[in-house]
Amino acid sequence: MTSQALLLETKPHATQIDYLLAAFRTHPSFLLASHTRPDGDAIGSVLALAEVLDQLGCQADVVFADPIPSSYSTLPNIGRIHHTPSANDVDPTGTTPAILLECDGIGRTGLLGLEGRTLINIDHHASGRPFASVNWIDEHACAVAAMVYHIAVAANVEITPSMATCLYAGILSDTGTFTYSSTTADTFAMVHHLAACGANPSRIARDIYLSNPASKIRLLGIALSNLQCDDDLAWTWVTSEDMDRIGAIAEDCEGVVNYLISIAGVESAVFLREVANADQFRLSIRSKGETDVARIAERFGGGGHRNASGCTLDGPLPVALERILTQLRTGL
C-alpha cells in the first residue's frame with residue numbers, strides 16, 4: 001500500500017492538515033508535549049511527530065512533565081524526551097511554539113512555561129476544545145497516532161521503521177488492542193501500512209503487554225480481591241497503603257479496569273486508585289454499552305472518550321464510590 005493510496009482517506013481533514021503543515025513551515029523549531037501520566041498514544045504520537053518535523057527541517061524538542069512508563073521504554077528515540085517540570089528548562093527564551101497532543105489545555109500537560117507561547121493543538125478526545133492558534137480535533141480518530149500518521153502521509157515524508165513503530169504502539173494502545181468501537185477498516189489499513197514500513201507487531205505487543213513488573217501483578221491481585229458487581233456494573237479499588245505494601249507505583253494501575261469491563265454482562269466499570277497524601281481517588285472508567293463515560297468524567301473535571309475516560313474525585317472512598325456509581329447507574 002502506498003502513501004498516495006492512504007492519502008485519499010485523509011481528504012475530509014485535508015484543510016486542517018494543510019493549516020498544520022503551513023504552521024510547521026512557518027517556524028524553525030517546536031516544543032512537543034502531551035498530557036501528564038503519559039500513555040502509549042501520547043508517547044508514540046509525540047515521538048513520531050518529532051520525526052515528521054525532523055524531516056521537514058524543524059528542530060523538535062520533546063518535553064513531558066511525568067516519567068515515561070517502563071512498558072514504553074523500548075520505543076525508538078525514547079531518549080530524546082526531556083523529563084522536566086517546565087518547558088523553560090528546554091527553551092529558556094519562552095518563545096518557541098509548542099505543539100500539544102491529547103490535551104484540552106496547557107494545564108493538562110502539567111508543564112510550566114507554556115503560557116504566552118504560540119500553541120498548536122492536536123486531539124481526538126470528545127472533551128477536546130480549540131484553545132490554540134491552530135486546532136485539529138477529531139473525536140472519531142482511533143488515536144492521535146492515527147492523526148499524526150495522516151500528517152506524515154500528507155507531508156510526503158518517509159515513514160521510517162522508528163516512526164512506524166511509535167505510531168503502531170500509539171494506535172495499538174489507544175484502541176485497547178483493536179477492541180474499542182473506534183477501530184475500523186481504516187485502522188487496520190493504517191497498521192498494515194505501518195507494519196510494511198518496519199513496525200514489528202508482535203515485538204511491540206510483547207514489550208507493552210508482556211513485560212510487566214511483579215508489582216503490577218500483585219496490585220492486580222489486590223484489585224480483583226476487592227471486585228464488586230451489581231447487575232451490569234463492576235467496580236474495584238486499591239488504597240495508597242495497598243500500593244506501599246507491595247511496592248507498586250501509579251503506572252502499575254494501568255489496565256486494571258479492563259479486567260472489570262471484560263466480565264460478561266458488565267456494561268460499565270470503574271477502578272479507583274487512592275492518591276497518596278491527598279484524600280483523592282484517580283478513576284479509570286470504561287463502558288461497552290450506551291453509557292457515555294466521557295460525559296460523566298467531564299462532570300468531575302476529567303474527560304476522555306465515550307467508552308474510556310478518567311477523572312479525579314475527593315475521598316474518602318465511600319463518598320467517591322457513591323458519587324461515581326450513582327452517575328454510572330443513571331447513565332448521566
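**View 1. Pairing of strands E1 and E2 in the predicted model.** Phe 30 of the predicted model stands opposite Ala 60 in strand E2. The two strands shown are E1, residues 29–33, and E2, residues 59–64; they pair in the parallel sense over 5 bridges. Both strands belong to an open sheet of 6 strands with the order E3-E2-E1-E4-E5-E6, in which the pairing is parallel. At the edges of this sheet stand strand E3 (81–83) and strand E6 (134–137); each has a single partner strand, so one side of each is left without a neighbour in the sheet. On average, neighbouring strands of the sheet are turned by 20 degrees against each other, direction ignored.

**View 2. Helices H2 and H3 on the parallel sheet.** Helix H2, residues 14–26, packs on the sheet of View 1 and touches E1, strand E4 (98–101), strand E5 (119–123) and E6. The direction of H2 makes about 140 degrees with that of E6. Helix H3, residues 40–55, also packs on this sheet, with E1, E2, E3, E4 and E5 as the strands touched. Between the direction of H3 and that of E2 the angle is about 165 degrees.

**View 3. The mixed sheet and its edge strands.** The open sheet in this view has 6 strands in the order E7-E8-E9-E10-E12-E11, and its pairing is mixed. Strand E7 (228–230) and strand E11 (303–304) stand at the edges with a single partner strand each, so one side of each is left without a neighbour in the sheet. E11 runs antiparallel to strand E12 (residues 308–314), and 2 bridges join them. Gly 304 stands opposite Ser 309 in E12.

**View 4. Helices H8 and H12 across the mixed sheet.** Helix H8, residues 214–225, lies across strand E8 (233–238) and strand E9 (268–275) and runs at about 130 degrees to E8. Helix H12, residues 317–330, lies across E7, E8, E9, strand E10 (280–287) and E12. H12 runs at about 155 degrees to E8.

**View 5. Backbone details in three loops.** A cis peptide bond, with omega about 0 degrees, joins Gly 315 and Pro 316. Pro 316 lies in the loop between E12 and H12. Asp 231, in the loop between E7 and E8, has a positive phi of about 55 degrees although it is not a glycine. Phe 178 is another residue other than glycine with a positive phi, near 65 degrees. The place of Phe 178 is in the loop between helix H5 (161–174) and helix H6 (185–196).

**View 6. Contact between the two assigned domains.** The domain assignment of the protein gives domain 1 as 13–209 and domain 2 as 214–330. Their C-alpha centres lie 26 Å apart. In the contact, 12 residues come from domain 1 and 12 residues from domain 2.

**View 7. The second largest pocket.** Domain 1 (13–209) and domain 2 (214–330) both give residues to the lining of this pocket, so the pocket lies between them. The space in the second largest pocket is about 320 Å³. Its lining consists of 16 residues, and those nearest the pocket centre are Glu 139, Ser 181, Ser 182, His 305 and Arg 306. By class, the lining divides into 6 nonpolar, 6 polar and 4 charged residues.

Conventions:
Residues numbered from 1 in each chain as written. Predicted model: local features only at pLDDT ≥ 70, side-chain atom pairs only at ≥ 80, totals over all residues. Heavy atoms only, no water. 1 Å grid on protein atoms, 1.4 Å probe; cavity = no way out; pocket = protein on both sides within 12 Å on 5 of 7 lines; lining within 4 Å. Points joined across faces, edges and corners; volume = space filled by probe spheres on them. Nonpolar A, V, L, I, M, F, W, Y, C, P; charged D, E, K, R; others polar. Domains from an automatic or database assignment. Pairing = 2+ DSSP bridges. Helix = DSSP H or I, 4+ residues; strand = E, 2+ residues; numbered from the N terminus. Contact = heavy atoms within 4.5 Å. Axes fitted to C-alpha atoms, helices over the stretch in contact; angles between N-to-C directions.
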